[in-house]
Amino acid sequence: MPDGKIQGNFLVKGNADFGTATKSKHLDRFTFVGNDTLEVATSKATVPKYNRRRSRNEIRRLLLQEKGTGPWPPSREPLLKKLKISSKSSVQRSASVSSKGTSTVDSPSSIESSSDSDPEGDDSEYETSSELEVEPEEPSPLPSNRPLDPLKAIEYDIIKAVWAKRKVSLSGVVIRTALSEYWNIMKGVRDRWKAEVVTLQQASEKKEKAKIIEYERRAANQRKLLETCIRLTLKHGHPDIIEKLGENPILSVIFYNFIADRFKENDYTGPLITSIMEASTR
């Protein structure tokens with residue numbers, strides 16, 4: 001290594017000398033790229049076969065089919081406790097499941113390997129029935145008809161734009177469409193709020209106290225409406241859509257307008273600021 005020069009409390013080595021000593025090229029202030037080629041040995045990796053993880057109900061059904069009409073074998077006791085199956089439970093209904101078209105029964109080893117991948121902390125209640133439990137559909141938060149009240153109608157449109165079943169992954173086209181509809185609604189709220197702010201400034205210049213109070217109330221109502229829209233978005237919005245809110249530059253401009261207005265009023269931690277920050281960072 002080259003000798004350095006003492007500068008204050010530091011020992012500084014020249015870039016040229018350092019590059020010559022290390023056979024490297026100075027790229028940036030503290031970055032050097034070596035001239036020597038580094039060969040890395042690579043080997044072909046074998047991808048293991050994918051084994052689909054089974055649900056607990058499916059494992060229970062397979063266990064009951066394996067058991068038949070005889071007693072449970074002692075080796076199955078730990079698995080029965082894990083799945084909350086009574087060792088004295090009746091298996092009269094297992095035959096009915098087989099008659100419904102179940103023609104393949106997995107081996108005991110495959111049942112054990114599938115059950116080991118299930119989480120330990122599931123506190124769901126399981127009946128002794130071997131039939132699969134059907135999970136209820138996620139209900140839509142939207143009412144049957146769009147409300148006639150203007151404010152309720154905007155809330156309806158917000159939920160309609162961002163809601164989707166959470167268990168379904170959304171495509172890029174669906175997300176972009178939802179963000180476009182969402183932006184149009186928020187833009188309408190922003191435009192009405194700006195109009196009220198302009199009229200409020202004009203009334204303030206003319207010192208019309210009655211109009212000032214009225215326009216302040218209207219501007220506050222528009223801010224409250226925006227806060228409500230964001231709160232409904234966080235409550236009912238699909239995670240894939242909410243994740244993209246902070247990445248949308250046009251929507252960020254709308255949020256910035258309201259944040260700047262609140263800063264002028266020395267409101268740094270109000271509910272509107274909090275809602276916007278949560279929507280932008282979730």
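Start with the lining of the largest pocket: helix 7, helix 8 and helix 10 each put at least two residues into it. Helix 7 gives the most, with 6 residues. Keep in mind that you're looking at a predicted model.

How much space does the largest pocket hold? It comes to about 370 Å³. There are 16 residues lining it, and if you want to find its centre, look for W193, V197, Q201, D261 and K264, which are the closest to that point. As for the kind of residues you'll meet there, the lining has 7 nonpolar and 7 charged residues, plus 2 polar ones.

Now let's turn to the largest nonpolar core. It has 35 residues, and Y182, M186, L226, I230 and I276 are the ones that touch the most other members. Quite a few helices chip in here: helix 6 (150-162), helix 7 (172-206), helix 8 (209-236), helix 9 (239-242), helix 10 (249-264) and helix 11 (271-281) each supply at least two residues of this core. Which helix brings the largest share? That's helix 7, with 9 residues. So helix 7 turns up as the top contributor to the pocket lining and to this core.

For a closer look, pick I230. Leaving aside residues up to four places away in sequence, I230 touches Y182, M186, F255, S275, I276 and A279. Three of those names, Y182, M186 and I276, are also on the list of core residues that touch the most other members.

Finally, apart from the largest core lies another one, made of 6 residues. Look for I59, L64, W72 and L79, which are among them.

Terms used
Residues are numbered from 1 along each chain as its sequence is written. This is a predicted model: local features need pLDDT of at least 70, side-chain atom pairs count only at pLDDT 80 or more; totals for chains, interfaces and linings use all residues. Side-chain values use heavy atoms; hydrogens and water are left out. A nonpolar core is a set of buried Ala, Val, Leu, Ile, Met, Phe, Trp, Tyr and Cys residues joined through side-chain atoms within 4.5 Å. Buried means under 20% relative accessible area, exposed over 50%, partly exposed in between (1.4 Å probe, protein chains only). Helices (H or I, at least four residues) and strands (E, at least two) are DSSP runs, numbered from the N terminus. Contact means heavy atoms within 4.5 Å. On a 1 Å grid over the protein atoms alone, a cavity is a set of points where a 1.4 Å probe fits but cannot get out, and a pocket is an open set with protein on both sides within 12 Å along at least five of seven lines; lining residues have an atom within 4 Å of a point. Grid points are joined across faces, edges and corners, and a volume is the space filled by probe spheres set on the points. Ala, Val, Leu, Ile, Met, Phe, Trp, Tyr, Cys and Pro count as nonpolar, Asp, Glu, Lys and Arg as charged, and the others, Gly among them, as polar.
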